[in-house]
Amino acid sequence: MKIGLMLALIISTFCGCQNDWKSAFDTQLAELGHRNWIVVADSAYPSQNSKGITTLVTGESQTEVLTYVLQQIELSPHVRPKIMFDQELAFVTDQDAPGVGSYKEDLNRILGSSEVAEMSHEQIIEQLDRASEMYKVLILKTNMTIPYTSVFINLDCDYWSEDKEKQLRSVMGKAE
């Protein structure tokens with residue numbers, strides 16, 4: 001599958017067609033499940049070597065890509081997003097990075113009432129690196145040029161909650 005996806009991206013590049021990252025993403029999303037990650041990354045996000053990491057260059061804005069990704073996850077019956085972003089973003093100002101204030105407003109609009117965790121960039125990267133040893137990580141690089149704007153999405157099961165899992169484990173413990 002990965003080779004076919006890479007071949008399609010190479011062919012679309014050589015034939016002058018627009019890179020159809022959405023189609024590639026939709027295919028990947030159907031394969032992904034809980035414990036997989038999706039990263040909507042800024043343009044300076046590094047290309048990583050881990051075997052479990054796939055990177056797609058979207059050529060689109062961060063907000064367009066994030067909006068699409070969250071809409072597609074919402075439509076999928078099998079996963080839900082656990083969203084994280086760098087706590088450093090709160091300290092970046094328009095003086096340091098012009099446009100960051102507008103981006104933060106867009107991010108708040110896109111995320112709405114979604115629960116979001118903030119942690120240091122290094123902590124998130126460590127989690128992502130550990131996850132990529134066993135699970136797939138899909139990185140969608142955007143044309144964003146503001147630091148600390150990557151959005152990290154750890155997928156969780158949508159049809160089985162943490163409460164249901166705790167209840168099951170409790171019943172199993174009583175049955176033994």
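From the N terminus on, the elements of the chain follow the order α-α-β-β-α-β-α-β-α-β-β-α. That gives six helices and six strands, where helices (H or I, at least four residues) and strands (E, at least two) are DSSP runs numbered from the N terminus. The model is a predicted one, in which local features need pLDDT of at least 70 and side-chain atom pairs count only at pLDDT 80 or more, while totals for chains, interfaces and linings use all residues. Residues are numbered from 1 along each chain as its sequence is written, and side-chain values use heavy atoms, with hydrogens and water left out.

A good place to start is the sheet. The six strands form an open sheet with mixed pairing, in the order β2-β5-β1-β6-β3-β4; two strands count as paired if DSSP finds at least two bridges between them. At the edges stand β2 (53-57) and β4 (116-119), each of which pairs on one side only. From one strand to the next, the twist averages 25 degrees. At the β4 edge, strand β3 (residues 79-86) pairs with β4 in the parallel sense over four bridges, and here I83 stands opposite V116 in β4.

Helix α2 (residues 21-31) lies across four strands, namely β1 (37-41), β2, β3 and β5 (137-141). Relative to β5, helix α2 runs at about 165 degrees; axes are lines fitted to C-alpha atoms, for helices over the stretch in contact, and angles run from 0 to 180 degrees between N-to-C directions.

Across the chain, contacts (heavy atoms within 4.5 Å) often link distant parts of the sequence: among those between residues at least 6 apart, 88% join residues at least 24 apart. Of the 176 residues, 41% are buried, with buried meaning under 20% relative accessible area, exposed over 50% and partly exposed in between (1.4 Å probe, protein chains only). The accessible surface of the chain comes to about 10400 Å², and carbon and sulfur atoms hold 53% of this area. Accessible areas come from the Shrake-Rupley method with a 1.4 Å probe, and for residues only the protein chains shown count as cover.

Two loop residues deserve a look for their backbone angles. Most residues other than glycine have a negative phi. R35, in the loop between α2 and β1, has a positive phi near 85 degrees and is partly exposed, with a relative accessible area of 46%. Y148, in the loop between β5 and β6 (151-157), also has a positive phi, of about 60 degrees. Y148 is partly exposed as well, at a relative accessible area of 35%.
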